[in-house]
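Trainee: I would like to learn how to read helix packing, strand pairing and burial from a model. Please take the features one at a time.

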Amino acid sequence: MAVKKVRMSSEGLQRLEAELEHLITVKRAEVAQKLKEARAFGDLSENAEYDEAKNEQGILEARIQEMEYMIANAEIVAESDLSVDEIGIGSIVTMRDMELDEIMTLQIVGSTESDPDNNKISDESPIGLAAMTKHVGDIIEVEAPVGIIQMEIIDIGK
């Protein structure tokens, strides 16, 4: 099975490592305490608190495994590697919605760093996918629920 590299910035990797550390040191202890308290209620076969704590433990351990995989397979995209000629992960892209004549600026990031509220969109999102490897002046078409949206690339920064 081929290992898929997870592209991210060094800041994204640091955030991921900090979150993983929190899950391992704090959340695991909290879940373990919930399990201990639930066991004290007696019969585990009809113990909703125990079932809930076990479920929470399973979700937590799955998240920890996922984060460990992402960190182990992280490919750091350095700012010095970014181009202002072609859109890639890390690029800050200014584009114009051709129908609405609205200008927007977005940063294309790896899927682990996506934060649409702060104008950081994943390279796997419809706009991110359409924009990758494009240049200033190119027009991209993005399939959206309202139909095809055409956007012109106005600027690429880093």
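Mentor: We will go through the helices, the sheet and then two isoleucines. Keep in mind that this is a predicted model.

Trainee: At what angle do helix H1 and helix H2 pack?

Mentor: Two packed helices are described by the angle between their axes and the distance between the axes. Here H1 (residues 10-39) packs against H2 (residues 48-72) at about 160 degrees, and the axes are 9 Å apart. An angle over 145 degrees counts as roughly antiparallel, so H1 is roughly antiparallel to H2. The crossing of H1 with H2 is left-handed.

Trainee: How do the residues of the contact of H1 with H2 divide into nonpolar, polar and charged?

Mentor: There are 15 nonpolar, 1 polar and 12 charged residues in that contact.

Trainee: Now the sheet. In what order do its strands lie?

Mentor: Strands of a sheet pair through backbone hydrogen bonds, either parallel or antiparallel. This sheet is open, has 5 strands in the order E5-E4-E3-E7-E6, and its pairing is mixed. Strand E5 (120-122) and E6 are the edge strands, each pairing on one side only. On average, neighbouring strands of the sheet are turned by 45 degrees against each other, direction ignored.

Trainee: Which residues stand opposite each other where E3 pairs with E4?

Mentor: One such pair is Met 95 and Met 104, the latter in E4. E3 and E4 (residues 102-109) are antiparallel and share 6 bridges. The two strands form a hairpin with 4 residues between them, and Asp 101 in that turn has a positive phi of about 55 degrees.

Trainee: How many bridges join E3 to E7?

Mentor: There are 6, and the two strands run antiparallel. Among the bridge partners, Val 93 has Ile 156 in E7, while Thr 94 has Asp 155 in E7.

Trainee: What is the arrangement of E6 and E7?

Mentor: E6 and E7 form a hairpin with 2 residues between them. Strand E6 (residues 139-144) pairs with E7 in the antiparallel sense over 6 bridges. Glu 143 has Ile 148 in E7 as its bridge partner.

Trainee: Next, single residues. Is Ile 87 buried or exposed?

Mentor: The cut-off for buried is under 20% relative accessible area. Ile 87 counts as buried because its relative accessibility is 2%. Ile 87 is found in the loop between strand E2 (74-76) and strand E3 (92-97).

Trainee: Which residues does Ile 87 touch?

Mentor: Not counting residues up to four places away in sequence, Ile 87 touches Val 93, Ile 108, Ala 131, Met 132, Thr 133, Lys 134, Ile 153 and Ile 156. Val 93 and Ile 156 also appeared above as bridge partners. As for separation along the chain and in space, Ile 87 and Ala 62 are 25 residues apart in sequence, and their C-alpha atoms are separated by 33 Å.

Trainee: And where is Ile 154?

Mentor: Ile 154 is in strand E7 (residues 147-157). Its relative accessible area is 34%, so Ile 154 is partly exposed. Leaving aside neighbours within four places in sequence, Ile 154 is in contact with Thr 94, Met 95, Arg 96, Ile 103 and Val 136. Ile 154 and Val 93 are 61 residues apart in sequence, but 7.6 Å apart in space, C-alpha to C-alpha.

Trainee: What should I know in general about side chains along a strand?

Mentor: In a regular strand the side chains alternate between the two faces of the sheet.

Methods
Residues numbered from 1 in each chain as written. Predicted model: local features only at pLDDT ≥ 70, side-chain atom pairs only at ≥ 80, totals over all residues. Heavy atoms only, no water. Buried < 20%, exposed > 50% of the residue type's maximum accessible area, 1.4 Å probe, protein only. Contact = heavy atoms within 4.5 Å. Pairing = 2+ DSSP bridges. Axes fitted to C-alpha atoms, helices over the stretch in contact; angles between N-to-C directions. Parallel < 35°, antiparallel > 145°, perpendicular 65-115°, else oblique. Left-handed = near helix turned anticlockwise from the far one by under 90°. Nonpolar A, V, L, I, M, F, W, Y, C, P; charged D, E, K, R; others polar.
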